[in-house]
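Below, a single protein chain is shown, and the text after it goes from one residue outward to the whole fold. Keep the model open while reading.

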Amino acid sequence: LELIKAERPDRVFCFAGGGPYATFAAKEWKDHLWALQVSLLGPLELLHRYLQTHSGGQWIMTGSAIAESQPDKDAASYSAAKH
C-alpha cells in the first residue's frame, strides 16, 4: 500500500488468487477467509489506495478462467471471491 502511494505507478497488473479445494463444509472457516482475503479483499484494498492517490493510469485485475468457465462445487469461496 505504501509503495503504491510512494512510487505512483502508471500501470498495475494484479494477478492475486487462491483458495481451498473441497466441499465448502469440509474446509475450516479460516481457509475460506484466506481465499476471500487473497482473491478479493487484498486486491480491492490495493485498488482503493491506487484510486486515492492517482487521477489516471491503468489498473488491470484478472478474473479466473477456472471460476468463470463453469460452476465448481469444490471451489465455492475461490469462485465467489473471483466473481
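Leaving aside its neighbours within four places in sequence, which residues is Thr53 in contact with? In this predicted model, the contacts of Thr53 outside that window are Ile4, Lys5 and Arg8. Thr53 itself belongs to helix H2, which covers residues 29–53. With a relative accessible area of 17%, Thr53 is classed as buried, because the cut-off for that class is under 20%. The side chain of Thr53 also makes a polar contact of 2.8 Å with the side chain of His54.

Two of these partners deserve a separate look. Arg8 sits in the loop that runs between helix H1 (2–7) and strand S1 (11–14). Its backbone is unusual in one respect: Arg8 has a positive phi, about 50°, without being a glycine. Most residues other than glycine have a negative phi. Arg8 is partly exposed, at 43% relative accessibility.

Ile4 leads to the interior. Neighbours within four places in sequence again set aside, Ile4 touches Pro9, Leu46, Arg49, Tyr50, Thr53, His54 and Trp59. Ile4 is also one of the five residues of the largest nonpolar core, together with Val12, Cys14, Tyr50 and Trp59. Nonpolar side chains tend to be buried together in soluble globular proteins.

Not every nonpolar side chain ends up in that core. Where is there nonpolar surface in a patch? Leu40, Leu41, Leu44 and Met61 form a nonpolar surface patch of about 310 Å². Helix H2 supplies the largest share of the patch, three residues. Leu40 is in helix H2, and its relative accessible area of 30% makes Leu40 partly exposed, because that class lies between the 20% and 50% limits.

The wider frame can now be added. The protein has four helices and two strands, arranged along the sequence as α-β-α-β-α-α. Along the principal axes, the C-alpha atoms fill a box of roughly 45 × 25 × 15 Å. Of the 83 residues, 29% are buried. The protein exposes about 5700 Å², and carbon and sulfur atoms account for 58% of that area. Among contacts between residues at least 6 apart in sequence, 64% join residues at least 24 apart. The contacts of Thr53 with Ile4, Lys5 and Arg8 show such pairing at the level of one residue.

Definitions and conventions. Residues are numbered from 1 along each chain as its sequence is written. This is a predicted model: local features need pLDDT of at least 70, side-chain atom pairs count only at pLDDT 80 or more; totals for chains, interfaces and linings use all residues. Side-chain values use heavy atoms; hydrogens and water are left out. Patches are made of residues with over 30% relative accessible area and no salt bridge: like charges are joined within 9 Å, nonpolar side chains (Val, Leu, Ile, Met, Phe, Trp, Tyr) within 5 Å. Accessible areas come from the Shrake-Rupley method with a 1.4 Å probe; for residues, only the protein chains shown count as cover. A salt bridge is a side-chain nitrogen of Lys or Arg within 4 Å of a carboxyl oxygen of Asp or Glu. Buried means under 20% relative accessible area, exposed over 50%, partly exposed in between (1.4 Å probe, protein chains only). A polar contact is a pair of N or O atoms within 3.5 Å; within protein, one must be able to donate a hydrogen and the other to accept it, and residues adjacent in sequence count only if both atoms are side-chain atoms. Contact means heavy atoms within 4.5 Å. A nonpolar core is a set of buried Ala, Val, Leu, Ile, Met, Phe, Trp, Tyr and Cys residues joined through side-chain atoms within 4.5 Å.
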